[in-house]
Amino acid sequence: QTIQGGTAGEYYHLTSAQHTLLATVASGTYTPTLTSVANVAANTAYECQYIRVGSVVTVSGKLDVDPTSSNTITQLGISLPVASNLGAAEDCAGTGACPTISGQAYAILGDAINNRAELQWLTNINMVISETAPSPMNTANQSVYFTFTYTII
């Protein structure tokens, strides 16, 4: 009870485990390395942010990607801000969205072979806006806003 905390009258008592956990809380920014895996003509990385608590890291940010063909599975690798030896796809998971493409869904999963996150999606297929006007294919450069979480292994 004689241990003084931050200001007068504050006393902090932590277990060793609590102290260790607090020592592993970190945050920062990084610009990921993007790797065109499949159906990608070009890509652009932007500064992203992350937070680490213990062995769990959450990342969010933006990237631009230019798919080559429509109606095709498209894959883009995203480097991790804190290294991990991912053991399976489910060791990293997240989602992404493009604000200008209606119905476009992006999945983020772990690439255990290359120890990175991987953005995957099917380039926009002919979604019917009306019976006579299908939506255009989206193979132009597009911004994707994303978030994913992974475990440091």
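Two strands pair if DSSP finds at least two bridges between them. Strands themselves are DSSP runs of E with at least two residues, helices are runs of H or I with at least four, and both are numbered from the N terminus.

Before you start: this is a predicted model, so local features need pLDDT of at least 70 and side-chain atom pairs count only at pLDDT 80 or more, while totals for chains, interfaces and linings use all residues. Residues are numbered from 1 along each chain as its sequence is written, and side-chain values use heavy atoms, with hydrogens and water left out.

**Exercise 1. Work out which strands pair with β5.**

Step 1: Get the overall layout. The chain has one helix and 12 strands, and the helix comes before the strands in the pattern α-β-β-β-β-β-β-β-β-β-β-β-β.

Step 2: Try β3 (residues 40-45). It pairs with β5 in the antiparallel sense over five bridges; for instance, Ala42 has Asp66 as its bridge partner in β5.

Step 3: Try β4. This strand also runs antiparallel to β5, with five bridges joining them, and Val53 is bridged to Val56 in β5. The two strands make a hairpin with two residues between them, and Gly54 in the turn has a positive phi of about 65°.

Step 4: Try β12. Here 10 bridges join it to β5, again antiparallel, and Val57 finds its bridge partner in Tyr150 of β12.

**Exercise 2. Find the largest nonpolar core and look at who Ile78 touches.**

Step 1: Know the rule. A nonpolar core is a set of buried Ala, Val, Leu, Ile, Met, Phe, Trp, Tyr and Cys residues joined through side-chain atoms within 4.5 Å. Buried means under 20% relative accessible area, exposed over 50%, and partly exposed in between (1.4 Å probe, protein chains only).

Step 2: Apply it. The largest core has 26 residues, and Val59, Leu63, Ile78, Leu119, Phe148 and Tyr150 have the most contacts inside it. Strands that each supply at least two residues of this core include β5 (56-67), β6 (73-78) and β12 (142-151). In soluble globular proteins, nonpolar side chains tend to be buried together.

Step 3: Zoom in on Ile78. Leaving out residues up to four places away in sequence, its contacts (heavy atoms within 4.5 Å) include Tyr30, Leu63, Arg116, Leu119 and Phe148.

**Exercise 3. Track down the salt bridge.**

Step 1: The rule wants a side-chain nitrogen of Lys or Arg within 4 Å of a carboxyl oxygen of Asp or Glu. By that rule, the count is one.

Step 2: Name the pair. Arg116 bridges to Asp111, with the closest N and O atoms 3.2 Å apart.

Step 3: Are these two residues buried or exposed? Both Arg116 and Asp111 are buried.

**Exercise 4. Sort Val25 and Ile101 by how covered they are.**

Step 1: Place them. Val25 sits in the loop between α1 and β1 (26-30), and Ile101 is in the loop between β7 (92-97) and β8.

Step 2: Classify Val25. Its relative accessibility is 42%, so Val25 counts as partly exposed.

Step 3: Classify Ile101. Its relative accessibility is 8%, so Ile101 counts as buried. The C-alpha atoms of Ile101 and Gln142 are 8.5 Å apart, although these residues are 41 apart along the chain.
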